[in-house]
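Trainee: May we go through this model together, one topic at a time? I should like each reply to end on the value or name I ask for.

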2 protein chains.
Amino acid sequence: VQQENAPAIRTELKELFPEDITSILYELETEQARFVVNQLDTKLGAKILADLDPNERRDFLKEFTSEEISRYVNILDSDDAVDLLNEQPIRVREEVIALLEDREQARFILDLLHYDEDVAGGLMQKELVKANVNWTVNQCIEELRKQAEDVEKVYAVYVVDDHDRLLGLLSLKKIVLAHKNTKIESLYDSDMHYVETYRPAEEVAELMQRYDLDALPVVNVQGRLLGRITIDDIVDVITEQASSDTLAMAGITGDVEEDDTVWEQTRARLPWLLVGMMGGILAAKFISFFEDDLIIVPAMAAFIPIIGSTGGNVGIQTSSIILQSLADKSGLDAGVWQRLLRMFAVAFINGLIISSIVFGFNLLIGNEVQLAVVVSSALISVIFLASFMGTVTPLLLDKLGINPAVASGPFITTANDLIGYGVYFGLAHLLLDL
Amino acid sequence: VQQENAPAIRTELKELFPEDITSILYELETEQARFVVNQLDTKLGAKILADLDPNERRDFLKEFTSEEISRYVNILDSDDAVDLLNEQPIRVREEVIALLEDREQARFILDLLHYDEDVAGGLMQKELVKANVNWTVNQCIEELRKQAEDVEKVYAVYVVDDHDRLLGLLSLKKIVLAHKNTKIESLYDSDMHYVETYRPAEEVAELMQRYDLDALPVVNVQGRLLGRITIDDIVDVITEQASSDTLAMAGITGDVEEDDTVWEQTRARLPWLLVGMMGGILAAKFISFFEDDLIIVPAMAAFIPIIGSTGGNVGIQTSSIILQSLADKSGLDAGVWQRLLRMFAVAFINGLIISSIVFGFNLLIGNEVQLAVVVSSALISVIFLASFMGTVTPLLLDKLGINPAVASGPFITTANDLIGYGVYFGLAHLLLDL
């Protein structure tokens, strides 16, 4: 690449899958990468652009003119084309659309630009093969032949009426096996799943996962067929959802990646750190009320950490289990009371084991029995309270329509810390006769 | 259902998708559910059994005789049949296989039982359509007609040589559009992805996701075609992977669900709670060395919580970002130094903001300037150390071949707590002239 040896590069890259060329591009400087992509034929170049990470792509395309971009957008799948254009400044976006040779593609893109990214309409592509219900199989195959260039993965032909309303689908398998003169009417399957444009992406993902669908037709409120969503896009939705839930649980707001700027990362992380800090300040204020007690029994301070960390750990464990069962909608939803009962049973066993060990430790290092009783009772109480909080908080947030993962991490930890210290110092004040 | 009104139930259920009948079954008693499934035709019943949650299915099938089970297993996809049989006691498993009417299915199942659940061989199904490279398209369609009953989703026909070695694939689209007498040889696509039986499930998931594959052929070491993995099974692998990583980060070992028994949940949660407890005991032992200091400056105790929680929060945030970029193999892998540098920059800004606020709070409530300096310097140090630990630990575990998610949650928190207290009390002892 260093010598910009065009023919050699072309021969080497021809052997590779487009996705592997993408990986190589990440390792190159933008200028070099542009050179490599320009050596490829437009179709391969378009595939690589579709496969690039959005952040990288935005930077990368800054080096291209609108004419160059439009050549690639012209042959991209309409959903990928819209994703790419949405990352561009409005001026570039409009120029590219105006320059598109394929006017149908331009119309597709303008249609799709209306939809938010996180609804069915924003996930769909316009490329699909449809057949009128009155056609024969032969007419259907002719249509397929016309569309074959544009529609990469077919899965099934969608059957519509004269008003373009979706009636059902016809699998490629059935087309292959059918007689050429059979009417589609007698062949197609009207038992099918479809989705309206405004349905949220997670609902679409759930539907396709639950019913093992490869592609899902998208209709408008009148039932007119507008596009389809393919399973590979849904796999991406599922992966992104999982990663953003994990980040939310770790106290990170928004979809941050390691290679985002320092400022983006700080902004995503600071809010929950501040929540934790506020909790810490409240804890400090609270503990300072007990300063006189601490002068008399300074050993009390030594158990502040174990109270805090146990409450935090139990709360996170409990809320994660609840979050997991909230995410898995296929199972039976247990009632709140049944959930709490089970969590309390687990809390009872864990609490008994942990407080017994800590009790033994206290006696072993020669602390007073009274202090040992205080610490162990506080631990049991904290484990119960944290189990309660960890069960109820995500359920409540879910009921309120807030993503329960968002507030389950640092929020639960901070709340449990405060409750824990309250119980501990309260018990100590009472039981140690301070 | 209460009145066991068979014809009425049959009529009602015929209107529903099998996956929706599954949901209804979860709400019924086992005895009632068995009655409902027996009302359905065998094909629908088999679909529902394949869709049931493994735990529910094990309990549910206890009510069935081996003959009844074999009727369903006879028509299940081979991969689902094996999953179902693996949950049964060995005696039932052998009886069911012996009773299978379809001897080919029995052979498929015996083949698949060899493989572990978490490798490509354990994910594949034997049902596929293959064609010899010397056939014509017409012969291929005939084969497709024969197999059409058994293979639910075809996607593509696999092309093999006389020794059953995989040569390439032929999409259904190409078959539909080709002339009947064309030789497959001149039509098939040899540029394709395939996988060996022993490859781990995550690698298969990554491959299918990266290259947007609907189905992936599985071969043995000699290149013989043994089966195929379809995308719907991979979607399940991805979802399970994400959920088990989240649980691991929350300090839960193994794949626990909310409806597992109390004992299973306790066993999954206790180990990391014990790790946290050990950390707490060590912290207690450590802090007790400073008891004399605490008697002189009891206000020191009040800031133990904020030191611990800040270290924990920063560590979890940092490790989650690293984990996310480890999981996303498509991007460029930054070096350790570059990663640390970026993390430190973020730590510097966050540390400066948080320690300034806490410094202000300390002066506001009238604490001594010296104590305020100790607390804020400890906070900055803790934020840096936690960023370091949060970056290095997952990278190190990943290098050692351990799942980095497993030890990132409670392990990082516990380690950061201990480091934090060390820094805090050390600084206090030095700076407060104790």
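Mentor: Let us begin with a hairpin: S5(B) and S6(B) form it with 5 residues between them, and Gly223(B) in the turn has a positive phi of about 85 degrees. Strands here are DSSP runs of E of at least two residues, helices are runs of H or I of at least four, and both are numbered from the N terminus. The model is predicted, so local features need pLDDT of at least 70, side-chain atom pairs count only at pLDDT 80 or more, and totals for chains, interfaces and linings use all residues. Residues are numbered from 1 along each chain as its sequence is written, chains are lettered from A and ligands numbered from 1 in the order in which they are written, and side-chain values use heavy atoms, with hydrogens and water left out.

Trainee: Over how many bridges do S5(B) and S6(B) pair?

Mentor: Two strands pair if DSSP finds at least two bridges between them. Strand S5 of chain B covers residues 215-219, and its pairing with S6(B) is antiparallel. Leu216(B) has Ile229(B) as its bridge partner in S6(B), while Val218(B) has Gly227(B). The pairing extends over 5 bridges.

Trainee: Which strands of chain B are the edge strands of the sheet S4-S5-S6?

Mentor: This open sheet of chain B has 3 strands in the order S4-S5-S6, with mixed pairing. Each edge strand pairs on one side only; they are strand S4 (195-196) and S6 of chain B.

Trainee: How many residues of strand S6 of chain B are buried?

Mentor: Buried means under 20% relative accessible area, exposed over 50%, and partly exposed in between, with a 1.4 Å probe and protein chains only. Strand S6 of chain B spans residues 225-230 and is mostly covered, the buried residues being 6 of 6.

Trainee: At what angle to S5(B) does helix H13 of chain B run?

Mentor: Axes are lines fitted to C-alpha atoms, for helices over the stretch in contact (heavy atoms within 4.5 Å). Angles run from 0 to 180 degrees between N-to-C directions. Helix H13 (residues 201-210) lies across S4, S5 and S6 of chain B, and its angle to S5(B) is about 135 degrees.

Trainee: Why is one side of strand S1 and of strand S3 of chain B left without a neighbour in the sheet?

Mentor: The open sheet S1-S2-S3 of chain B has 3 strands and mixed pairing. Strand S1 (130-132) and strand S3 (166-171) stand at its edges, so each has a single partner strand. Strand S2 (residues 156-160) pairs with S3(B) in the antiparallel sense over 5 bridges, and there Val159(B) stands opposite Gly168(B). The reason is thus the edge position, with a single partner strand for each.

Trainee: Which side chain is joined to that of Asn132(A) by a polar contact of 2.9 Å?

Mentor: Asn132(A) lies in strand S1 (residues 130-132) of chain A and is buried, with a relative accessible area of 14%. Not counting residues up to four places away in sequence, Asn132(A) touches Val160(A), Asp161(A), Asp162(A) and Ile184(A). A polar contact is a pair of N or O atoms within 3.5 Å; within protein, one must be able to donate a hydrogen and the other to accept it, and residues adjacent in sequence count only if both atoms are side-chain atoms. The partner at 2.9 Å is Asp162(A).

Trainee: Which residues does Ser309(A) touch?

Mentor: Ser309(A) is in helix H17 (residues 304-327) of chain A, and its relative accessible area of 16% makes it buried. Leaving aside residues up to four places away in sequence, Ser309(A) touches Gly276(B) and Asp417(B).

Trainee: What rotation superposes chain A on chain B?

Mentor: Copies are superposed by least squares on the C-alpha atoms of residues with pLDDT of at least 70 in both. The shift along the axis is 0.0 Å, the RMSD is 0.1 Å, and the rotation is 180 degrees.
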